[in-house]
Amino acid sequence: MWTPRSREAWLGACLALLGLALSGHAADGDASRRQLQRERAEVESQSRAAEAACRGQFAVTTCVERVKRERLDRLDAIERRIAALDEGDRAQRARQREAARLQREAAASAIPAAPAPGVERAAPVPAAKPGPGRDPDSVLAAKRAAASGSDATAARRALAAQRRAEQAQAHRAAVEERVRQNALRRSPGKALPLPDAASGAR
């Protein structure tokens, strides 16, 4: 059965083998390039010698043109092989970039290893207890989020929402207390006289 750890190990081994293959391909490409450079120098040298030999013949121009055609044909073949090597190098660089991307994704998706012996795990987020001024619904939401376990972000958000609800409730209580204190401090004013029956009759 595939586990995340075994999958990560398998992917790492595949990437290592791919890296070895790519480095071997690069070494082969360098050797091929050196060989092609030697062949090119040899073609140039042979062409110069053939042109010099043409000078001693009766039809010099025809001989020189033939030597030049042969030289161009051989150089074209070498250039095609160099172009094929260049294309191989581009493909290799693309494979290396893809391998690096896969390695980054594997590292990003890896599950953290179990802590070493003697290393304590992070303490779980304690569930909030209802108390004076706490909204029972927000406490219940925080408990549910904490109970889900794997989603620490949800637990943090629930606790932050609970704190905001508590702060809002404390603010409302403080405002109500100030209003009540202000009402007590006000001295009662003289009561206005009630209208008498005579003024009501008018």
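**Helical architecture and side-chain contacts of the predicted model**

From the N terminus onward, the elements of the chain follow the order α-α-α-α-α. The structure described here is a predicted model, and its chain contains five helices and zero strands. Of the 202 residues in the chain, 15% are buried. The accessible surface of the chain amounts to about 15800 Å², and carbon and sulfur atoms account for 58% of that area. Among the contacts in the chain with a separation of 6 or more, 64% are made between residues 24 or more positions apart.

Helix 2 comprises the 50 residues 60–109, and its dimensions can be checked against an expected value. At 1.5 Å a residue, a span of 74 Å should result for helix 2, and the computed distance of 73 Å between its end C-alpha atoms agrees with this expectation. Residues of helix 2 that are buried include Cys63, Val64 and Val67 towards the start of the list, followed by Leu75, Ile78, Ile82 and Leu85. Gly88, Asp89, Gln92, Ala99 and Ala106 are likewise buried in helix 2, so that the buried set takes in Asp89 and Gln92 as well as residues such as Leu75 and Ile78, each falling under the 20% limit of relative accessible area.

The largest nonpolar core consists of six residues, namely Leu36, Val43, Leu75, Ile78, Ile82 and Leu85. At least two residues of this core are supplied by each of helix 1 and helix 2, and the largest share, four residues, comes from helix 2. Within this set, Val43 is in contact with Leu75 and Ile78, and also with Arg71 and Arg74, when its neighbours within four places in sequence are left aside. Arg71 is in addition a contact partner of Ser47, which also touches Val67, again leaving aside neighbours within four places in sequence. Ser47 is situated in helix 1, which covers residues 4–54. With a relative accessible area of 7%, Ser47 falls under the 20% limit and therefore counts as buried.

One disulfide is present in the structure. This disulfide connects Cys54 with Cys63, the distance from S to S being 1.7 Å. The link between Cys54 and Cys63 is left-handed, with an angle of -60° about the S-S bond. Cys54 and Cys63 are both buried, and Cys63 belongs to the buried residues of helix 2.

Ten salt bridges occur in the structure. One of them is formed by the side chains of Glu39 and Arg81, with a distance of 2.9 Å from N to O. This pair links distant parts of the chain, since Glu39 lies in helix 1 and Arg81 in helix 2, with their positions 42 residues apart. Glu39 counts as partly exposed because its relative accessibility of 21% is not under the 20% limit that defines a buried residue. Arg81, at 41% relative accessibility, also counts as partly exposed.

Further salt bridges are formed inside helix 2. Glu87 pairs with Arg90, and the closest N and O atoms of this pair are 2.8 Å apart. Because Glu87 and Arg90 are three residues apart in helix 2, about one helical turn separates them. Glu87 is partly exposed at 44% relative accessibility, and Arg90 is partly exposed with a relative accessible area of 44%. A salt bridge is also formed between Glu105 and Arg101, for which the closest N and O atoms are 2.4 Å apart. Glu105 and Arg101 are four residues apart in helix 2, so about one helical turn lies between them. Partial exposure applies to Glu105, at 40% relative accessibility, and to Arg101, at 31%.

A network of salt bridges joins Arg33, Asp86 and Asp89. Asp89 is one of the buried residues of helix 2, whereas Glu87 in helix 2 is partly exposed.

Notes. Residues are numbered from 1 along each chain as its sequence is written. This is a predicted model: local features need pLDDT of at least 70, side-chain atom pairs count only at pLDDT 80 or more; totals for chains, interfaces and linings use all residues. Side-chain values use heavy atoms; hydrogens and water are left out. A disulfide is a pair of cysteine sulfur atoms within 2.5 Å. Buried means under 20% relative accessible area, exposed over 50%, partly exposed in between (1.4 Å probe, protein chains only). The expected span of a helix is 1.5 Å times one less than its number of residues. Contact means heavy atoms within 4.5 Å. Accessible areas come from the Shrake-Rupley method with a 1.4 Å probe; for residues, only the protein chains shown count as cover. A nonpolar core is a set of buried Ala, Val, Leu, Ile, Met, Phe, Trp, Tyr and Cys residues joined through side-chain atoms within 4.5 Å. A salt bridge is a side-chain nitrogen of Lys or Arg within 4 Å of a carboxyl oxygen of Asp or Glu.
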